[in-house]
Amino acid sequence: MRAWLELLRLQYSLPFVWPFALTVWYASGGNLSAGRASLAWACGALMSLLCGTYCLNDVLDVRFDAINAPGRPICSGRISRRAGAVAALLFFATALGLAGAAGVKFFIAIFGLAAALVEYNFFSKRLGPCKPFVASLLVTMIYPLAFVQAGGVVGPRAGALYCFAAWMFLTVCGYEMFKDIRDRRGDSQSPLNVKRYWALGNVCIATGAVVLLPAAVFAMSPAYLPAVIALVFPAAAWAIVTRRLRNKFIAVYAEFLAMGLITTLDPVLFGL
């Protein structure tokens, strides 16, 4: 069971359902009374899609994980490659089934995202310097996916959502650059410029934190800006100044948790 939990990376897939549901709530202006069941199906579809993607990633990356992460479940032999492939197929099929229950438009959107994620997993090691940007774009697709589920963007905080999407793209981009530095021994087809990646990753993290500031003028409460400065900025600063990659990953994770907390409590306490 522990090996399967590691394979599914629930520490990443579960938290990403949270901003998706929040974005649907924001985009709909809080009007979920007629669509809560549909939202539940959509969240289940996204969760299944992410789990399937992580399974596929480990199935395809055995050769690279043998160098970078020999303890991964498939690479270490705790789960067979065939079992991982079957699990990926089942999760993808479940995602499409749940997406169909959420609605035709959402099904089409999930299908397109699933196709893009499969293609990325097959070709990511050949993308070179473009890899962090492509990965970040795919992660940020939860925003247009949420807009489809919400039926558009009609809420008063629509402008804030675009700031949040820009923050997510830039922050994930920085994270991916740090991850490429960590995995350069097994992944890189050509030598990786560690200094350049390190500096650019820090710039992405810093810029991502800054683009959260304009969201304060898009119907966010007066508490939003102080909360971002008090919780998100210190995490971003830690991610920038620390010299240990492991600390950078923890800091980015803390930044995401802080933003999730702020964007959840703000409408709960002050209304949409």
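A residue counts as buried when its relative accessible area is under 20%, as exposed when that area is over 50%, and as partly exposed in between. Keep this scale at hand for the exercises below, and remember that the structure is a predicted model.

**Exercise 1. Place Asn-202**

Find out in which helix Asn-202 lies, decide whether Asn-202 is buried or exposed, and list its contacts beyond the neighbours within four places in sequence.

*Solution*

Step 1. Start with the location: Asn-202 is part of helix H11.

Step 2. Now use the scale. The relative accessibility of Asn-202 is 13%, and the cut-off for buried is under 20%. Asn-202 therefore counts as buried.

Step 3. Look around the residue. With neighbours within four places in sequence set aside, Asn-202 is in contact with Phe-178, Ala-239, Ile-240 and Lys-248.

**Exercise 2. Read the faces of helix H11**

Compare the span of H11 with the expected one, and work out where its buried residues fall around the axis.

*Solution*

Step 1. Helix H11 covers residues 194–210, which is 17 residues. From the first C-alpha to the last, H11 reaches 24 Å, close to the 24 Å expected at 1.5 Å a residue.

Step 2. Collect the buried residues of H11: Tyr-197, Trp-198, Gly-201, Asn-202, Cys-204, Ile-205, Gly-208 and Ala-209.

Step 3. View the helix down its axis. The buried residues of H11 fall within an arc of 155°, so they line one face of the helix. A general rule helps here: an α-helix has 3.6 residues a turn, so residues three or four places apart point the same way.

Step 4. Turn to the other side of H11, where Lys-195 and Arg-196 are exposed.

Step 5. Finally, ask what the buried residues of H11 pack against. Their partners are helix H7 (131–140), H9, helix H12 (224–241) and helix H13 (245–270).

**Exercise 3. Describe two helix pairs**

Give the angle and the axis distance for H11 with H12 and for H8 with H9, then describe the residues at each contact.

*Solution*

Step 1. Two packed helices are described by the angle between their axes and the distance between the axes.

Step 2. Take H11 and H12. Their angle is about 170°, and their axes are 9 Å apart. Angles over 145 degrees count as roughly antiparallel, so H11 and H12 are roughly antiparallel to each other.

Step 3. List who meets whom. From H11 come Asn-202, Ile-205, Ala-206 and Ala-209, and they meet Phe-233, Ala-236, Ala-239 and Ile-240 in H12. Sorted by class, this contact has seven nonpolar residues, one polar residue and no charged residues.

Step 4. Repeat for helix H8 (residues 142–150) and helix H9 (residues 158–182), which pack at about 150° with axes 10 Å apart. That angle makes H8 roughly antiparallel to H9.

Step 5. In H8, Ile-142, Tyr-143 and Phe-147 meet Leu-161, Tyr-162, Phe-164, Ala-165 and Met-168 in H9. By class, the contact of H8 with H9 has eight nonpolar, no polar and no charged residues.

**Exercise 4. Explore H7 and H6**

State which residues of H7 are buried, and then examine Phe-133 and Leu-117.

*Solution*

Step 1. The buried residues of H7 are Lys-131, Pro-132, Ala-135, Ser-136, Leu-138 and Thr-140. Their cover includes helix H6 (104–123), H8, H9 and H11.

Step 2. Phe-133 is also found in H7. At 37% relative accessibility, Phe-133 counts as partly exposed. Not counting residues up to four places away in sequence, Phe-133 touches Phe-169, Cys-173, Met-177 and Leu-200.

Step 3. Move to Leu-117, which is in helix H6. Its relative accessible area is 11%, so Leu-117 is buried.

Step 4. Leu-117 and Leu-50 are 67 residues apart along the chain, and their C-alpha atoms are separated by 9.2 Å. Leaving out residues up to four places away in sequence, Leu-117 touches Leu-49, Thr-53 and Leu-138.

**Exercise 5. Check two loop residues**

Give the phi values of Arg-9 and Ala-219, and classify the accessibility of Arg-9 and of Ala-219.

*Solution*

Step 1. Arg-9 is in the loop between helix H1 (2–8) and helix H2 (10–27). Phi of Arg-9 is near 50°, a positive value in a residue other than glycine. With 13% relative accessibility, Arg-9 counts as buried.

Step 2. Ala-219 is in the loop between H11 and H12. Although Ala-219 is not a glycine, its phi is positive, about 65°. Ala-219 has a relative accessible area of 39%, so Ala-219 is partly exposed.

Definitions and conventions: Residues are numbered from 1 along each chain as its sequence is written. This is a predicted model: local features need pLDDT of at least 70, side-chain atom pairs count only at pLDDT 80 or more; totals for chains, interfaces and linings use all residues. Side-chain values use heavy atoms; hydrogens and water are left out. Axes are lines fitted to C-alpha atoms, for helices over the stretch in contact, and angles run from 0 to 180 degrees between N-to-C directions. Helices (H or I, at least four residues) and strands (E, at least two) are DSSP runs, numbered from the N terminus. Angles under 35 degrees count as roughly parallel, over 145 as roughly antiparallel, 65 to 115 as roughly perpendicular and the rest as oblique. Contact means heavy atoms within 4.5 Å. Ala, Val, Leu, Ile, Met, Phe, Trp, Tyr, Cys and Pro count as nonpolar, Asp, Glu, Lys and Arg as charged, and the others, Gly among them, as polar. The expected span of a helix is 1.5 Å times one less than its number of residues. Buried means under 20% relative accessible area, exposed over 50%, partly exposed in between (1.4 Å probe, protein chains only). The arc is that of the directions from the helix axis to the C-beta atoms.
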